[in-house]
Amino acid sequence: MSDNLLKKGYEPHEVEKRWYRYWEENKLFAAEEKSHRKSFSIVIPPPNVTGVLHMGHALNVTLQDILCRFRRLMGDNVLWMPGTDHAGIATQNVVEKQLADEKLNRHGVGREEFIKRVWEWRQKYGSAIINQLKRLGASCDWDRERFTMDEGLSKAVRTVFVRLYKEGLIYQGNYIINWCPRCQTALADLEVEHEEHAGHLFYIRYPFVTGKGGIVVATTRPETMLGDTAVAVNPEDHRYDKLSCDEVILPLMDKTIPIIRDKYVDMSFGTGALKITPAHDPNDFEIGIRHNLPQVKVIGEDGKMSDAAGKFEGMDRFACRDAVIKALQAKGLLEKIETHQHSVGHCYRCGTVVEPNLSQQWFVKAKPLADKAILAVREKKTQIVPEMWEKTYYEWLENIRDWCISRQIWWGHQIPAWTCQKCGEIIVEMNDPSQCPSCGSTDLVQETDVLDTWFSSALWPFSTMGWPDETQLLNTFYPTNVLVTGFDILFFWVARMMMMGLWFMKEVPFRDVYVHALVRDEDGKKMSKSRGNVIDPLQIIDRYGTDAFRFTLAAFAAQGRDIKMSEKRVEGYRHFVNKLWNAARFSLMHIENKPTRIIPSSLVDRWIISRLHNVIHIVTESLNAYRFNEAAGNLYYFIWHEFCDWYVEAIKPVLYGKKGDEARESTKGVLWLVLKNSLILLHPFMPFVTEEIWYKLAGTDGSIMTARFPSADIQMELIRADNEAETQMSFIADIITSIRNVRGEMNISPSVPLEVKIQSADFDSKESVLAQKEMIKDLARLNAISVNESEKRPKAAAAGIVDGATVYVLLEGIIDFEKEAQRLEKEMNKTAKELAGISKKLQNEDFLNKAPENIVEKVKEKHEVLVEKQNKLRTNFERIAELRAE
């Protein structure tokens with residue numbers, strides 16, 4: 001241990017770099033593959049290799065780190081498995097933009113060269129997100145860092161694909177998929193983001209083949225009508241009971257198509273008649289299967305009309321829409337156009353409007369896997385916290401469609417399937433085939449598609465630990481204890497990990513799933529670049545330090561409630577870091593050595609140990625139940641109010657030797673014990689500042705990361721509950737607070753000593769006051785205090801009632817009542833004027849209806865504050881009037 005004095009002010013940036021380097025160099029994040037200790041494991045949700053730290057990452061990683069540091073302090077063998085995701089579409093887009101800057105494209109450079117370029121990009125920029133996680137203090141076992149495209153994980157991906165294929169759970173088929181014409185790939189349902197659009201509903205007449213009359217359909221996508229193969233009505237829709245004909249002419253294409261009846265048709269939408277385009281709508285596709293309708297694809301992969309679109313061939317799909325409308329109008333077949341608000345799907349990566357398209361893709365039969373995942377949660381093998389997310393989890397899995405796992409891009413795991421060009425046999429094996437097992441031909445072509453990124457991510461909990469090999473790491477750490485994740489990837493990732501883990505490991509991948517909420521701006525709005533309300537975590541860390549930022553996230557991470565983040569809140573917790581630093585700095589000036597024995601003798605020593613016992617219990621219980629905000633809130637209260645404001649202030653005279661050497665040594669021992677354990681309790685939340693103080697604290701060996709949670713001291717009975725001390729101290733603190741309140745209300749400077757008389761008929765109350773007379777005098781800044789049984793109220797005294805005792809603060813000669821009355825009157829008039837202006841604003845209907853909601857809310861809050869202030873001023877004015885009369 002070096003010189004134990006702390007610098008005057010805490011400067012986080014140098015401290016954070018120094019200690020993080022020390023932790024890494026000394027392998028303090030490392031897990032042991034074999035250990036007698038209880039194992040605890042978490043796999044990090046792998047951030048995209050293209051990623052930049054945002055608020056969602058910051059919250060997610062902070063909560064995981066709190067759990068990992070807590071479990072290490074509890075003595076567990078902790079594995080926090082880190083890694084990154086290859087992020088197929090996102091990474092390919094980044095490298096394609098680089099090529100575009102060089103006037104090149106991927107088709108021009110070829111697949112092999114393009115993939116080489118992506119690996120080069122990953123080598124150069126892929127570690128950026130990892131370095132940002134380190135700035136947050138993430139204590140991952142970095143030596144085990146994995147990447148979804150590394151050799152081991154690629155082997156796991158291939159093994160899963162081959163096994164599922166051979167079990168009949170992977171197949172190829174024509175299916176309606178979500179297609180992005182920009183990214184040129186299929187998207188899973190979950191990768192489509194829906195936005196409300198103000199569009200139009202076009203009413204088109206399809207003439208009967210007889211030439212007399214027709215049927216009118218309503219559509220938002222008239223360009224797809226070129227591929228219609230039927231018109232459908234609901235069999236229960238009596239408007240269509242007596243149709244004169246069961247076939248119509250498809251406008252602009254002059255084809256005959258049937259009128260069919262299907263219960264899917266919504267009788268309340270449009271005219272109750274629905275155009276059926278099996279190749280361009282998922283619901284129409286299902287209807288087409290039921291009625292054996294042909295599938296006519298009129299929009300190509302590039303978003304342009306195909307040759308099946310007749311004279312519209314080659315047109316962009318949206319240009320075609322306009323052309324079709326004009327053509328229909330010219331033929332008198334467009335009945336009317338209505339404005340229509342509807343939801344339109346966009347690619348989650350590039351924002352292009354998604355096109356439902358018929359395509360041959362690879363699919364996983366999801367139901368057999370989903371059934372096991374549903375059962376595991378129902379049987380509580382995995383618990384979802386908060387429980388409210390279970391309903392959503394069940395709904396998604398119970399209605400799951402087969403999972404489209406192929407993507408028409410180059411960056412990712414190329415599907416390990418080969419087609420024999422001679423006989424058409426599809427070969428799927430662990431090793432690349434050299435010839436066709438059916439006909440012996442060597443003319444084999446590998447599938448060019450790659451697997452959906454979420455396919456490899458679904459294997460993350462066990463593939464990162466070495467599966468398909470049977471490893472010691474899997475034996476020790478699988479299943480993992482908890483997955484910490486945002487609700488936005490509950491289906492993308494969590495449900496799929498459950499499906500894959502249960503299918504291949506015969507065991508759930510994690511015991512608990514903790515679903516955290518969103519980080520929003522201070523007004524509760526979602527952060528977005530377009531709104532300009534994005535808060536950059538790295539900028540916040542630069543301004544206030546990592547510890548203040550982490551503590552803010554934890555303090556507001558209530559289960560099921562979004563976090564309203566603002567710089568002011570982080571600034572508030574930076575003050576908390578400073579408060580801790582200053583209290584520790586003061587304490588270390590008096591603690592030269594580790595105490596040889598700790599025997600609390602004074603009331604305040606017994607009280608602080610009892611309060612420490614209480615907060616240890618709450619923090620342990622809260623973290624075990626993922627109630628991060630409760631743990632942080634109770635720690636904050638204990639450190640700031642009980643330890644710093646009360647205990648440290650109360651023991652100053654003792655430490656300065658005013659109560660004798662024996663009392664001083666006893667208190668120093670208690671101060672050491674409480675500071676030491678406070679640092680350990682705070683460490684999971686504020687790793688850097690606690691490590692820096694720990695290093696300076698006498699009697700501590702090595703890093704705080706190797707310390708043990710205070711439960712050991714509880715077992716040794718150094719820390720114990722003391723209800724008697726808590727009751728007495730609470731009474732004394734209330735007396736001091738009531739005196740301080742009088743000072744504040746009467747505008748009396750803290751430097752002015754006061755005289756107090758306490759009256760009580762209760763023997764215990766009198767004894768408590770007499771025993772703690774010096775502490776009351778010191779903390780309330782008194783020059784005299786007397787205690788007697790009930791007698792006459794002293795003249796010109798402000799009174800406070802405290803648990804059976806009356807506290808009188810003598811004010812004669814302290815306050816000029818006349819001047820104080822004038823001051824209060826002036827303040828009341830000023831507040832009344834301000835209040836009148838605010839009230840007028842709140843009575844203005846225009847303001848209430850037109851001003852932004854957050855502005856109205858702030859004005860209402862200000863009104864409440866001013867009303868409260870006015871009431872206090874009035875009460876004080878009345879008290880001064882009474883005292884003046886006396």
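This is a short tour of a predicted model, stop by stop, with something to select at each one.

Before you click: residues are numbered from 1 along each chain as its sequence is written, and side-chain values use heavy atoms, with hydrogens and water left out. Because the model is predicted, local features need pLDDT of at least 70 and side-chain atom pairs count only at pLDDT 80 or more, while totals for chains, interfaces and linings use all residues.

**Stop 1: helix α9**

Select residues 317–331, which make up α9. Helices (H or I, at least four residues) and strands (E, at least two) are DSSP runs here, numbered from the N terminus. The expected span of a helix is 1.5 Å times one less than its number of residues, so the 15 residues of α9 should cover 21 Å, and the end C-alpha atoms are indeed 21 Å apart.

Now colour Arg317, Cys320, Ala323, Val324, Ile325, Ala327 and Leu328: these are buried (under 20% relative accessible area, with exposed over 50% and partly exposed in between, using a 1.4 Å probe and protein chains only). An α-helix has 3.6 residues a turn, so residues three or four places apart point the same way. What covers the buried residues of α9? Show β7 (192–207), β13 (334–347) and β14 (355–364), which are among the elements that do.

Check both ends too. At the N-terminal end, Asp316 acts as a cap, with a side-chain oxygen 2.9 Å from the backbone nitrogen of Phe318. After the helix comes Gly332, with a positive phi near 70°.

**Stop 2: the second largest pocket**

Stay with α9, since it supplies at least two residues of this pocket's lining, as do β7, β8 (214–219), β12 (273–276), α8 (282–291), β13 and β14. The pocket holds about 1,200 Å³ of space. To find its centre, select Thr220, Arg221, Asp281, His342 and Ser343, the closest to it of the 41 lining residues. (On a 1 Å grid over the protein atoms alone, a pocket is an open set of points with protein on both sides within 12 Å along at least five of seven lines, a cavity is a set where a 1.4 Å probe fits but cannot get out, and lining residues have an atom within 4 Å of a point. Points are joined across faces, edges and corners, and a volume is the space filled by probe spheres set on them.)

Which element gives the largest share of the lining? That's β7, with seven residues.

**Stop 3: the cavity**

Go to strand β23 (residues 510–516), which gives the largest share of the lining of the largest cavity, three residues. The volume is about 40 Å³. Its lining includes Tyr514, Val515, His516, Phe556 and Arg561.

**Stop 4: Lys668**

Select Lys668 in helix α21 (residues 661–682). Buried or exposed? Lys668 is buried, at 8% relative accessible area. Leaving aside neighbours within four places in sequence, its contacts (heavy atoms within 4.5 Å) are His590, Ile591, Glu592 and Leu655.

**Stop 5: helix α24**

Residues 723–745 form α24, whose 23 residues reach 32 Å from first C-alpha to last, close to the 33 Å expected. Its buried residues include Glu726, Phe731, Ile735 and Arg743. Just past the helix, Asn747 has a positive phi of about 60°.

**Last stop: Asn788**

Finish in strand β27 (residues 782–788), where Asn788 sits. Asn788 counts as partly exposed, at 25% relative accessibility. Beyond neighbours within four places in sequence, Asn788 contacts Ile758, Gln759, Ser760 and Lys766. Then zoom out to Ile257: 531 residues away along the chain, its C-alpha is 104 Å from that of Asn788.

Technical notes
Polar contact = N/O pair within 3.5 Å; in protein donor to acceptor, adjacent residues only side chain to side chain.
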